[in-house]
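Colleague: Could you give me a close look at one part of this model, namely how the side chains pair up and pack? I'd like the cut-offs behind each term as you go, so I know what I'm reading.

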Amino acid sequence: MKKQQPNPTGDSEITSTAITVARDELQEPLLSNYPPLTGYGGEIAPSNSSDEPVTLPRSQRLLSLDVFRGLTVALMILVDDAGGAFPSINHSPWFGVTLADFVMPAFLFGVGVSISLVFKKVPSKPTATKKVILRTLKLFLLGLLLQGGYFHGRDNLTYGVDVSKMRLLGVLQRISIGYLVASLSEIWLVDNVIVDSSMSFVKKYNIQWILACMLCTLYMCLLYGLYVPNWQFEASSINVFGYGSGAQIVACGVRGSLEPPCNAVGLIDRLFLGEHHLYQHPVYKRTKQCSVNSPDYGPLPADAPRWCLAPFDPEGILSSLMAAVTCFFGLHFGHILIHYKDHMQRLLLWSLSSFPLLIIGYMMELLGIPLCKPLYTLSYMCITAGASGMLLTIIFYVVDVKNFRRLTVLFQWMGMNALIIFALAASELCPIVLQGFYWRSPKNNLVDGTKSLLQAMLHSERWGTLAFVILEILFWGLVAGFLHMKSIYVKL
């Protein structure tokens, strides 16, 4: 952790990793890196070829971006910790979307916005590339530590992991991939032209959109074109389905299937990562085929198929290609912020960018491309990116245009120190530590005791859990506020 003033020095330094999981992600909302955003009609002038750094008062920030990612982190805590009590907000078991399914795309969208602001000027492309690669590696390794299985979680207060079975991908790893792809495109694929018209705006960034279209095409070709043969996995549970433990065969032999057992996303992950390095508790265990309590977890039905116990990674290799495209839409919003003059222009262009995405995503679903977060389908990408764009548009209007900031200050603080909040709260490091101190029995700890007290006071396990999660979010918001007042910001 580093104590520093929230004032990046400008173009020569890529200030913190562009993840929306943290203000650390990209310490870009500091407007010392780009022209002012003050008052209604404040301007962001067209970019010029000068390498002179823009110097502004340190108080000028794009607060709406802080609020946006702070709200995203708060939603992650809410759906992770209250999703078990309220399955309707938990991740969809496979097809369809819920509140939880909008969180990851919002992270990635914020990454793109941040990157566009940080790399508004790049004096040295090789130097910037080296820093991007270094931060990508650090973010990936942090994700491996937090989500690879080393910390066993609140229900199992032990630690350590068999490296041969460590999960290789996860939330932070996916964000690091999106950050890498979007950052390199912003460094190397932007034409050096002055934006003074709509056509010059399109020309400046057209190569980026060609790359985004190529990623979408590659994804769709592999998803629908790869042949998925029969495959097997090692079942660890004994007497499951009457077959016992050991190798279990999953019958596929199909092409273009988007169902849980026989899709190309899982095939590629099994080939390149191996089944032991995938997520062992996939969300499809909450489908009707695999749970009598669907859409919640529960016992296996009597006729459950064998694949219900097979691993599947929702942050896999192929799906991460499509997830990276979400970052490009964030880049587009950041480019509009930089090049267009007044707030109403930005709001209009952002709205005109968001609504078509929502419509296209819905039309794709009608045409047979379902919404599926584990596969990160094209329809899912469009709808969630469009929703993220609309949310940022609304927050920008409320916070930066109308200056209504008191009600959002908690999220602003969380967004300015989002990495530490993610690591301690969303990755449950702090609850794990607190649960390690108990009275006589591991169940008698501060975390479980507080939750049980609230459940007893409200005479409801569900509403007591929700009250506990709300208090948890409030607590972390105040912690982030304290760090902000001390000018402490965690960065990679």
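Modeller: Sure, I'll begin with the cysteines, then go through a lone charge and the aromatic pairs, and finish in the core. Bear in mind that this is a predicted model, in which local features need pLDDT of at least 70, side-chain atom pairs count only at pLDDT 80 or more, and totals for chains, interfaces and linings use all residues. Residues are numbered from 1 along each chain as its sequence is written, and side-chain values use heavy atoms, with hydrogens and water left out.

As you know, a disulfide is a covalent bond between the sulfur atoms of two cysteines. Here the test is simply a pair of cysteine sulfur atoms within 2.5 Å, and by that rule there are two disulfides. One of them joins Cys252 to Cys262, with 2.1 Å from S to S. The link between Cys252 and Cys262 is left-handed, at -85 degrees about the S-S bond. It ties together distant parts of the chain: Cys252 sits in the loop between strand E4 (246-250) and strand E5 (254-255), and Cys262 in the loop between E5 and helix H6 (264-272), ten residues apart. Those labels are DSSP runs numbered from the N terminus, with helices being H or I of at least four residues and strands being E of at least two. Are Cys252 and Cys262 buried or exposed? Cys252 is buried at 13% relative accessible area, and Cys262 is buried too, at 8%. Buried means under 20% relative accessible area, exposed means over 50%, and partly exposed is in between, using a 1.4 Å probe and protein chains only.

The other disulfide joins Cys290 to Cys308, with S to S at 1.9 Å. Its torsion about the S-S bond is about -80 degrees, so the Cys290 and Cys308 link is left-handed. This pair also links distant parts of the chain, with Cys290 and Cys308 both in the loop between H6 and helix H7 (317-339), 18 residues apart. Cys290 and Cys308 are both buried. If you number the bonded cysteines in sequence order, the pairing reads 1-2, 3-4. What about Cys382? Cys382 is in no disulfide, and the nearest cysteine sulfur, belonging to Cys216, is 7.2 Å away. Cys382 is buried, with a relative accessible area of 5%. Cys221, on the other hand, counts as partly exposed at 49%.

Helix H6 also holds Arg270. Arg270 is buried yet has no salt bridge, and the nearest side chain of opposite charge, Glu275, is 7.5 Å away. A salt bridge would need a side-chain nitrogen of Lys or Arg within 4 Å of a carboxyl oxygen of Asp or Glu. Lys and Arg count as positive and Asp and Glu as negative, while His and the chain ends are not counted. Skipping residues up to four places away in sequence, Arg270 touches Val228, Trp231, Pro261, Glu275 and Leu278. Touching, or contact, means heavy atoms within 4.5 Å.

On to the rings. Rings of Phe, Tyr and Trp (its six-membered ring) pair if their centres lie within 6.5 Å; planes under 30 degrees apart are stacked, over 60 edge-to-face, and the rest tilted. The whole structure has 18 such aromatic pairs. In one of them, the centres of Phe86 and Trp463 are 5.2 Å apart and the planes are at 70 degrees, so this pair is edge-to-face. Phe86 lies in the loop between helix H1 (63-82) and helix H2 (103-118), while Trp463 is in helix H14 (residues 461-485), 377 residues apart. Phe86 is buried at 10%, but Trp463 is partly exposed at 49%. Elsewhere, Phe68, Phe109, Phe333, Trp350 and Phe396 form one aromatic cluster.

Finally, the core. A nonpolar core is a set of buried Ala, Val, Leu, Ile, Met, Phe, Trp, Tyr and Cys residues joined through side-chain atoms within 4.5 Å. The largest one has 126 residues, and Ile77, Met381 and Ile421 have the most contacts inside it. Ile421 lies in helix H11 (residues 418-426) and is buried, with a relative accessible area of 0%. Beyond four places in sequence, Ile421 contacts Val73, Ile77, Met414, Ala426, Trp476 and Ala480. With the same neighbours left aside, the contacts of Ile77 include Met414, Ile421, Ala425 and Val469. For a sense of how the chain comes together here, Ile421 and Gly70 are 351 residues apart in sequence and 9.3 Å apart in space, C-alpha to C-alpha.
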